[in-house]
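Grab a viewer and work through these exercises with the model open. Try each task yourself before reading its solution.

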Amino acid sequence: MAASAPPAPPSTTRRRGVQPLRAAEGHSYLWRRLHSLSGIVPIGAFLIEHILSNFETWNGPVAYGKQVLFLNSLPLVRILEWVFIFIPLAFHAGYGVYIWLRGRSNVNVYPWAGNWGYYAQRITGLIAFAYIIQHVWRQRFTGVDLPHNPGMAFHKVQVELHNPWMLAIYVIAMIATCWHFAYGIWLFAAKWGITPGDRARKRFGYICAVVGTGLCIMGLASIYAVVWKYPNAPVNALPDQHSSLTLPASTSLATS
Amino acid sequence: MGTATLEVPVTQKTATSARRIKVEIRRQASPDAKATTETFEIPYRPNMNITSLLGEIALNPVDVSGRETTPVTYDSNCLEEICGSCAMLIDGKAMMACSALVDRLLGDKPDKTITLAPLSKFPVVRDLAVDRSVLFENLKAVKAWVPIDGSYDLGAGPRQQPQIQEQRYPLSNCISCTICMEVCPQFNDATGFVGAATIAQAKLFNMDPAGSVLKEERLRALAGDGGIQECGFAQNCVQACPKQLPLTEAISDMGRDVFVQQVKDFFTR
């Protein structure tokens, strides 16, 4: 060691400064790697599904309603929803905030591309987190119950996006989420040793940029379709589908 | 080289002899003392570096107001960017004082004040000297050595292929300056991240035909709290490294090896 360090303090007192590696101790490796993996599967996979499904809005309220109906017809759909979407998303978001809080971004001192990427990954993650909380609350758990009324999906989103502030939030969140996912794939490949070489990382960076841009364009196109392409969509595009998804017994109970 | 080439034109000579370099230095008398700032003005000479600037101050430790002070304490040894001692914050950025050239720092603004401060993530010992022993502790934690001690003659080591040697050589250039750790957003009190240098050294010794006997222990050590998982891949380390070590490549490679070892351990231990 080149530094003229003073003799090591007694082991009973805590060292000053950053603590040394706790070799082979603790469980942070597992949690941190689970966070990294959960961003790709299932959350990244779900994001792709979500944007592809939303892109059905380009074909109109009926096509979109059918896509929502199809997704809600999947076997064990409520279990799939919790196991592959809500729980991983809550973990990824919660642990992500924890990671953000423990980082000390210094892009003001070292304004390099990778350092900007580090900073942007945290900012876009926070934007996505805040957006998803209100999005899930307002679109999934309150208002018209879409799983039982798939035909009303288009109209529900259209009403939401009628507010220009909400429209701005959706556009910003779409860009932020796609950025977070695309850079997240790149980070995953770099950290897990899939792209160790400089050239491999650069090449993969272009691929991630194409994927992210593609998803973002599809997402923004869906927003365009809902707001401008099909204005004044019917409240229920699939009026015949309403009762078919509801158990006859419960319907009679509810209506009697 | 003829003497004529060393001759400085008269006009430039008068210009340079009048010129002074302004330098502002963060000082601290002891680990617990309050930090203060002192400003100095040093006669300009061409081709100075920060260590020669600090040497000038030591020759005449008087600050800009004429007040006598003490010479500035800083770590240094080789003065040619090979010992790794003299890392400090120069104009706010972590650099080696010996290879930080005054002319380049000033650029086209000769009146600019150069600022010097101790590295921000290590406990200050005095002035610009900091305690970087955390790196030594980290290197010990990953057993960054080749185990060759025995109670008898172990004989010749295994042969090292030149292809392996070529991959290892850049990693062996690490000078333990800790700049990669200083510039890393993840190296801080909250994470206790091990830093790029130690990960690169673990790779260096894992690739050594004799050192690889400790490979699994190194990989398990790096999965501990503060280990390789804390890397956020901001890549500042590889940008700032004065010896151009392939640090991000080492982190990526070790990331894969640590993961494979963890999976292996999960199913076999």
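Helices (H or I, at least four residues) and strands (E, at least two) are DSSP runs, numbered from the N terminus. This is a predicted model, where local features need pLDDT of at least 70, side-chain atom pairs count only at pLDDT 80 or more, and totals for chains, interfaces and linings use all residues. Residues are numbered from 1 along each chain as its sequence is written, while chains are lettered from A and ligands numbered from 1 in the order in which they are written.

**Exercise 1.** Work out which pattern chain A follows along the sequence.

*Solution.* Start with the tally: chain A has nine helices and zero strands. Reading along the sequence then gives α-α-α-α-α-α-α-α-α. Now pick α7(A) and check its length. Its 28 residues should span 40 Å at 1.5 Å a residue (the expected span is 1.5 Å times one less than the number of residues), and the end C-alpha atoms are 40 Å apart, which agrees. Just after α7(A), look at the backbone of A:Gly193, where phi is positive, about 80°.

**Exercise 2.** Find out how the strands around β3(B) pair, and in which sense.

*Solution.* Strands count as paired if DSSP finds at least two bridges between them. Begin with β3 (residues 87-90) and β4 (residues 93-96) of chain B: they pair in the antiparallel sense over four bridges. Next, match up residues: B:Ala87 is opposite B:Met96, and B:Leu89 has B:Ala94 as its bridge partner in β4(B). This hairpin has two residues between its strands, and B:Asp91 takes a positive phi near 50° there. Finally, turn to β5 (residues 113-117) of chain B, which pairs with β3(B) in the antiparallel sense over two bridges. Here B:Leu89 stands opposite B:Ala117.

**Exercise 3.** Describe the side of chain A that touches chain B, by element and by class.

*Solution.* First, the contacts (C-beta atoms, placed from the backbone, within 7 Å): 42 residues of chain A are in contact with 56 residues of chain B. The elements of chain A giving two or more residues to that side are α1 (28-40), α5 (113-141) and α7 (164-191). α1(A) gives the most, with four residues. For the classes, Ala, Val, Leu, Ile, Met, Phe, Trp, Tyr, Cys and Pro count as nonpolar, Asp, Glu, Lys and Arg as charged, and the others, Gly among them, as polar. The side of chain A that touches chain B then splits into 20 nonpolar, 13 polar and nine charged residues.

**Exercise 4.** Locate the largest nonpolar core and say where it lies relative to the domains of chain B.

*Solution.* Split chain B first: an automatic or database domain assignment sets the bounds, giving domain 1 (3-130) and domain 2 (133-150 + 157-268). Their centres, taken over C-alpha atoms, are 33 Å apart. Next, get the core: buried Ala, Val, Leu, Ile, Met, Phe, Trp, Tyr and Cys residues joined through C-beta atoms within 7 Å. Buried means that 20 or more other C-beta atoms lie within 10 Å of a residue's own, placed from the backbone. The largest core has 104 residues, and B:Met88 and B:Leu222 are among those touching the most other members. Its largest share, 13 residues, comes from α7(A). Both domains of chain B give residues to this core, so it lies between them. Apart from it lies another core of 12 residues, including A:Val68 and A:Phe154.

Definitions and conventions:
Two residues are in contact if their C-beta atoms, placed from the backbone, lie within 7 Å.
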